[in-house]
Amino acid sequence: MPTTAPPALVPLASALVAIAGAVIVMTGIIVLRYLLTSGGFAWATRRRHRGLYAGQGGQIRKEIGWSLISCVIYGVPAGVVAWGWHARGWTRITAAPHALPLWWHPVSLLLFLLLHDTWFYWTHRALHSPSLFSRFHAVHHASRPPTAWAAMSFHPGEALSGAFVIPALVFVIPVHVAVLGLVLAIMTVMGVANHMGWEMFPRWLVRGRAGAMLITASHHQRHHQLYAGNYGLYFRLWDRVCGTDRGLGNLLMINPPRS
Ligand SMILES: [Zn+2]
Ligand SMILES: [Zn+2]
């Protein structure tokens, strides 16, 4: 009796092994990205505002636990798409320097951020309906107040709702791999900075024209205080259009007050 697999199954098996490898690598990258970014901002918090996270050790351990589970959930679609791009030519990602016109790069960056923000606003707002809140979103709001480690502290059901956004958009929007890297960097840094309990941007920016449209820690922290309103991710656009903008909270600024 022959013991080797039928010929048709061999490429399928090797593809599945390659996909599993890509998922493991992408999950590892996302875990490292989370630990370095949240760890970096937690370190900066200790330097700038010593004692801000005092007594929150238990909460921080929970934030890290939920975040690591979210990293795995984010790693699965990211790994599948990375494999598809590399092995099958899926997606509209390009690494060729001149494949896209120069003007398209800022436009594609803005499109990714706007569409991600739109998805986040409406799913986040839905997650605040009583039934979805207690089932899924209460985990994120259990951080009172959140710390730099809470950036990915989500129930797995909520993590699933966010994990497919960027992997889906790369099939629709032509994008250079460097611009995609920038999108992911903005997503990561703002996710951490918006939860760390102090404002890293200068007052003139937060309270000025840019701050009227862009979301920073002062805006998202108010969401965590009020449990309602300020649902956006990067822009205040949907909150303003839908009348859910609750303004800015009074956070510590980058420089601690002189004593
Ligand atoms: Zn919320
Ligand atoms: Zn939050």
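With 259 residues, the protein would be expected to have a radius of gyration near 18 Å if it formed a compact globule, and the value of 20 Å computed for the protein agrees with that expectation. The coordinates are those of a predicted model, and every value reported here was computed from it. Taken along the principal axes, the C-alpha atoms fill a box of roughly 80 × 45 × 40 Å. Of the 259 residues, 32% count as buried, and among contacts between residues at least 6 apart in sequence, 72% join residues at least 24 apart.

The secondary structure comprises 11 helices and 2 strands, and these elements follow one another along the sequence in the pattern α-α-β-α-α-α-α-β-α-α-α-α-α.

Helix H7 was examined in some detail. This helix runs through residues 177-193, and because each residue should contribute 1.5 Å, its 17 residues should span 24 Å, in agreement with the 24 Å that separates its end C-alpha atoms. The buried residues of H7 are Val179, Leu180, Val183, Met187, Gly191, Val192 and Ala193. In an α-helix there are 3.6 residues a turn, so residues three or four places apart point the same way. The elements that cover the buried residues of H7 include the helices H1 (9-48), H3 (104-127), H6 (165-169) and H10 (217-226), together with the strands S1 (93-94) and S2 (175-176).

The packing of H1 against H7 can be described further. The axes of H1 and H7 come within 10 Å and cross at roughly 45 degrees; since this angle lies between 35 and 65 degrees, H1 is oblique to H7. The crossing of these two helices is right-handed, and the contact is made by Arg33, Thr37, Ser38 and Phe41 on the side of H1 and by Thr188, Val189, Val192 and Ala193 on the side of H7. Of these H7 residues, Val192 and Ala193 also belong to the buried set of the helix.

Several loop residues were also considered. In the loop between H4 and H5, which holds Pro145, the peptide bond from Arg144 to Pro145 is cis, with omega near -10 degrees. Pro146 lies in the loop between helix H4 (130-141) and helix H5 (156-163) as well, and counts as buried because 25 other C-beta atoms lie within 10 Å. When residues up to four places away in sequence are not counted, Pro146 touches His195 and His224. Between Pro146 and Trp90, which are 56 residues apart in sequence, the distance from C-alpha to C-alpha is 38 Å.

Phe201 is placed in the loop between H7 and helix H8 (203-206), and because it has 18 C-beta neighbours inside 10 Å, Phe201 counts as partly exposed. Its contacts, again not counting residues up to four places away in sequence, are with Val206 and Thr216. Phe201 and Thr216 are 15 residues apart along the chain, and their C-alpha atoms are separated by 7.8 Å.

Positive phi values were found at two residues other than glycine. Thr91, located in the loop between helix H2 (57-88) and S1, has a phi near 70 degrees, and its 21 C-beta neighbours inside 10 Å are the reason why Thr91 counts as buried. Asn230, located in the loop between H10 and helix H11 (237-241), has a phi of about 55 degrees, and Asn230 is likewise buried, with 23 other C-beta atoms within 10 Å.

Methods. Residues numbered from 1 in each chain as written. Chains lettered and ligands numbered in written order. Predicted model: local features only at pLDDT ≥ 70, side-chain atom pairs only at ≥ 80, totals over all residues. Helix = DSSP H or I, 4+ residues; strand = E, 2+ residues; numbered from the N terminus. Expected span 1.5 Å × (residues − 1). Buried ≥ 20, exposed ≤ 12 C-beta atoms within 10 Å, placed from the backbone. Contact = placed C-beta atoms within 7 Å. Rg over C-alpha atoms; globule rule 2.2 N^0.38 Å. Axes fitted to C-alpha atoms, helices over the stretch in contact; angles between N-to-C directions. Parallel < 35°, antiparallel > 145°, perpendicular 65-115°, else oblique. Left-handed = near helix turned anticlockwise from the far one by under 90°.
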